Amino acid sequence: MEDIITKIDIEFIDTYLRNTGILYEDIRIELVDQIAAEIEYRMSKGDSRGFYEVFKDYMIAHKTTLLKENNKPFHWRIFKNLVRKFLKNLYSWQVILGSIICFWVFEDIYSFFHTESAIRSFFPTLLMIMVMLIPSTVFGKKRFSFIGHFGILVTVFFSLNYYIIPYINHPSILYYGYLGLMAFLFVSSLKTMISLVIFYKKRFLIV
């Protein structure tokens, strides 16, 4: 792409999409990649016109399709990518090691508070909310669709803690199994979020 489509061209596409209302950074990056690849293909196959002429013709023909229904195909693609990363991370050594440490932290916290304590029920969920805030600390006001997808994981944490933990006897095999599950879900979520932030931080060096 470097030989045909320049960084200035990439920035032009990005600015154009932002001005058309594509506010989610990750959605816009997906669109930029698709549009740039198509324009590069056309120019490499003999279209001797300049970038702007090829871009204009392409957008006239495909703008409605690309932006249709608020980019649902791209939202779905990003969601599937998030799920794949999350599941893959469950088996990484970082998550396994982190989960062991997190397990003992959760055990100390859950043992300290009374069974009916609101802090005990909501503590892991609060940690998940903090994970969701990581992108804003790195990117400021930039918006990402994958943050909303993390809301599903927050809902899972809320449900498991609020509806299950009060009814689990301590100590018991079920209790420790529950804490282990919470530790794996939380650490994998944290690693997934960090990897996504790193990925898009690198992408902003290109776009």
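How many residues does helix α4 have, and how far does the helix reach from its first C-alpha to its last? In this predicted model, α4 (residues 72-89) has 18 residues and reaches 26 Å, close to the 26 Å expected at 1.5 Å a residue. Its buried residues are F74, H75, I78, L82, F86 and N89. Looking down the axis of α4, these buried residues fall within an arc of 110°, so they line one face of the helix. The other side of α4 is where K72, P73, R84 and K88 sit, and these residues are exposed.

Stepping back to the overall fold, the protein has nine helices and zero strands. Read from the N terminus, the order is simply α-α-α-α-α-α-α-α-α. Of the 207 residues in the protein, 41% are buried. As for how the chain folds back on itself, take the contacts between residues at least 6 apart in sequence: 75% of them join residues at least 24 apart.

Helix α1 (residues 7-19) gets the same kind of check. With 13 residues at 1.5 Å a residue, α1 should span 18 Å, and its end C-alpha atoms are indeed 18 Å apart, which agrees. The buried residues here are D9, I10, I13, D14 and L17. Seen down the helix axis, they fall within an arc of 140°, so they line one face of α1. They pack against α2 (25-44) and α3 (51-66). Turned away from that buried side is a face carrying the exposed residues I8 and N19. Just after α1 comes G21, which takes a positive phi of about 105°.

On the α2 side, two residues are worth a look. R28 has its place in this helix and, at 1% relative accessibility, counts as buried. Setting aside residues up to four places away in sequence, R28 touches D14, L17, R18, I22 and L23; of these, D14 and L17 are among the buried residues of α1. The side chain of R28 also makes a polar contact of 2.6 Å with the side chain of E25. The other residue is A36, also in α2, which counts as buried at 0% relative accessibility. A36 and I13 are 23 residues apart along the chain, yet their C-alpha atoms are separated by 7.8 Å.

Back in α1, Y16 belongs to the helix but is partly exposed, with a relative accessible area of 23%; the cut-off for buried is under 20%. Leaving out residues up to four places away in sequence, Y16 touches F55, M59 and K63. Its C-alpha is 9.7 Å from that of V32, a residue 16 places apart from Y16 in sequence. Y16 is also part of an aromatic cluster, in which ring pairs link it with F12, F51, Y52 and F55.

Aromatic pairs come up elsewhere too, and the count comes to 15. One of them is F103 with Y176: the ring centres are 6.2 Å apart and the planes lie at 45°, so the pair is tilted. F103 lies in helix α5 (residues 93-112) and Y176 in helix α9 (residues 173-203), so this pair ties together parts that are 73 residues apart in sequence. The two partners differ in their surroundings: F103 is buried, with a relative accessible area of 15%, whereas Y176 is partly exposed at 33%. Another pair is F139 with F144, whose ring centres are 4.9 Å apart and whose planes are also at 45°, so this pair is tilted as well. Here F139 counts as buried at 10% relative accessibility, and F144 is buried too, with a relative accessible area of 4%.

A ring can also have a charge for a partner. The charged end of R143 sits over the ring of Y24, 5.0 Å from the centre of that ring.

Key: Residues are numbered from 1 along each chain as its sequence is written. This is a predicted model: local features need pLDDT of at least 70, side-chain atom pairs count only at pLDDT 80 or more; totals for chains, interfaces and linings use all residues. Side-chain values use heavy atoms; hydrogens and water are left out. Helices (H or I, at least four residues) and strands (E, at least two) are DSSP runs, numbered from the N terminus. The expected span of a helix is 1.5 Å times one less than its number of residues. Buried means under 20% relative accessible area, exposed over 50%, partly exposed in between (1.4 Å probe, protein chains only). The arc is that of the directions from the helix axis to the C-beta atoms. Contact means heavy atoms within 4.5 Å. A polar contact is a pair of N or O atoms within 3.5 Å; within protein, one must be able to donate a hydrogen and the other to accept it, and residues adjacent in sequence count only if both atoms are side-chain atoms. Rings of Phe, Tyr and Trp (its six-membered ring) pair if their centres lie within 6.5 Å; planes under 30 degrees apart count as stacked, over 60 as edge-to-face and the rest as tilted. A charge sits over a ring if NZ of Lys or CZ of Arg is within 6 Å of the ring centre and within 35 degrees of the ring normal.
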